Amino acid sequence: MNTTTAERDALYDRLIVERARAPLYAGRLSVPDVQGDGRNPLCGDKTHLDIALDGHHIQDIRHNTRGCAICAAAADLMAEHVRGNTVAQALAVSDRFRAMLVGSPSLPVVEAQPAPLGALEVFAPLQSHKARIRCAELPWIALKEAFSHVDG
């Protein structure tokens, strides 16, 4: 194992544990505009999202996640990443996140310069742990479910 891989794995472990133990976006919103749920009946993981919108921009987002560390950290990092984005931008990030996890070729670029995945790239090592991909995807499933009720 080279240093780059070891460093990436250490960052993955540290960030996942930190965000699972002390999430920054956990909780509920008093009056969400949309809500979404994701459930994995095989392992029992659950994610509920409350989202406040300002037009088509995500003004605030909170999650209530019960599950493994990967799922909890993914929900928190997703909330951090999409806050302030438009619904369309958040859904585009969701597609790019999934493509990263499953090792798909890059998706067509809709924007001139798509925002990098940033801290979300910490989940890239899951490509070699196929059974855990669903854990990281669950919050994004809840996000898509929430936005399935939003026009444009």
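Strands here are DSSP runs of E with at least two residues, numbered from the N terminus. With that in mind, note that the model on screen is predicted, and begin with a single residue.

**Stop 1: His63**

Select His63, which lies in strand S3. Is His63 buried or exposed? Its relative accessible area is 3%, and buried means under 20%, so His63 counts as buried. Now show what surrounds the residue. Apart from neighbours within four places in sequence, His63 is in contact with Pro23, Tyr25, Ala26 and Gly27, with Thr47, His48 and Leu49, and with Ala72, Ala75 and Asp76.

**Stop 2: the sheet**

Widen the selection to the strands. S1, S2 and S3 form an open sheet of 3 strands in that order, with antiparallel pairing. S1 and S3 are the edge strands, each pairing on one side only. From one strand to the next, the twist averages 15 degrees. Add helix H2: this helix packs on the sheet and touches S2 and S3, and its direction makes about 175 degrees with that of S3.

**Stop 3: S1 and its hairpin**

Select residues 34-39, which make up strand S1. In a regular strand the side chains alternate between the two faces of the sheet. Which residues of S1 point to the buried face? They are Val34, Gly36 and Gly38; Gln35, Asp37 and Arg39 point to the other face and are not buried.

Next add S2, residues 46-54, which runs antiparallel to S1 and is joined to it by 6 bridges. Two pairs are worth labelling. Val34 has Ile51 of S2 as its bridge partner, and Arg39 stands opposite Lys46. The hairpin of S1 and S2 has 6 residues between the strands, and in this hairpin Gly44 takes a positive phi near 95 degrees.

**Stop 4: the nonpolar core**

In soluble globular proteins, nonpolar side chains tend to be buried together. In this model the largest nonpolar core has 40 residues, and those with the most contacts inside it are Ile51, Phe123, Leu143 and Phe147. Colour the elements that give two or more residues to this core: helix H1 (3-21), S2, S3 (57-66), H2 (69-82), H3 (87-102) and H4 (130-147). H4 supplies the largest share, 9 residues.

**Stop 5: H3 against H4**

Keep H3 and H4 and hide the rest. Two packed helices are described by the angle between their axes and the distance between the axes. Here the axes of H3 and H4 come within 10 Å and cross at roughly 165 degrees. Angles over 145 count as roughly antiparallel, so H3 is roughly antiparallel to H4. The contact involves residues of H3 including Val87, Leu91, Phe97 and Leu101, and residues of H4 including Ile133, Trp140, Leu143 and Phe147. H3 passes H4 in a left-handed crossing.

**Stop 6: Ile16**

Finish in helix H1, where Ile16 is found. Its relative accessibility is 5%, so Ile16 counts as buried. Leaving out neighbours within four places in sequence, Ile16 is in contact with Ala69, Ile70, Ala73, Val122 and Phe123. How far apart in space are Ile16 and Ala74? The C-alpha to C-alpha distance is 7.9 Å, although Ile16 and Ala74 are 58 residues apart in sequence.

Terms used
Residues are numbered from 1 along each chain as its sequence is written. This is a predicted model: local features need pLDDT of at least 70, side-chain atom pairs count only at pLDDT 80 or more; totals for chains, interfaces and linings use all residues. Side-chain values use heavy atoms; hydrogens and water are left out. Buried means under 20% relative accessible area, exposed over 50%, partly exposed in between (1.4 Å probe, protein chains only). Helices (H or I, at least four residues) and strands (E, at least two) are DSSP runs, numbered from the N terminus. Two strands pair if DSSP finds at least two bridges between them. A nonpolar core is a set of buried Ala, Val, Leu, Ile, Met, Phe, Trp, Tyr and Cys residues joined through side-chain atoms within 4.5 Å. Axes are lines fitted to C-alpha atoms, for helices over the stretch in contact, and angles run from 0 to 180 degrees between N-to-C directions. Angles under 35 degrees count as roughly parallel, over 145 as roughly antiparallel, 65 to 115 as roughly perpendicular and the rest as oblique. A crossing is left-handed if the near helix is turned anticlockwise from the far one by less than a right angle, and right-handed if clockwise. Contact means heavy atoms within 4.5 Å.
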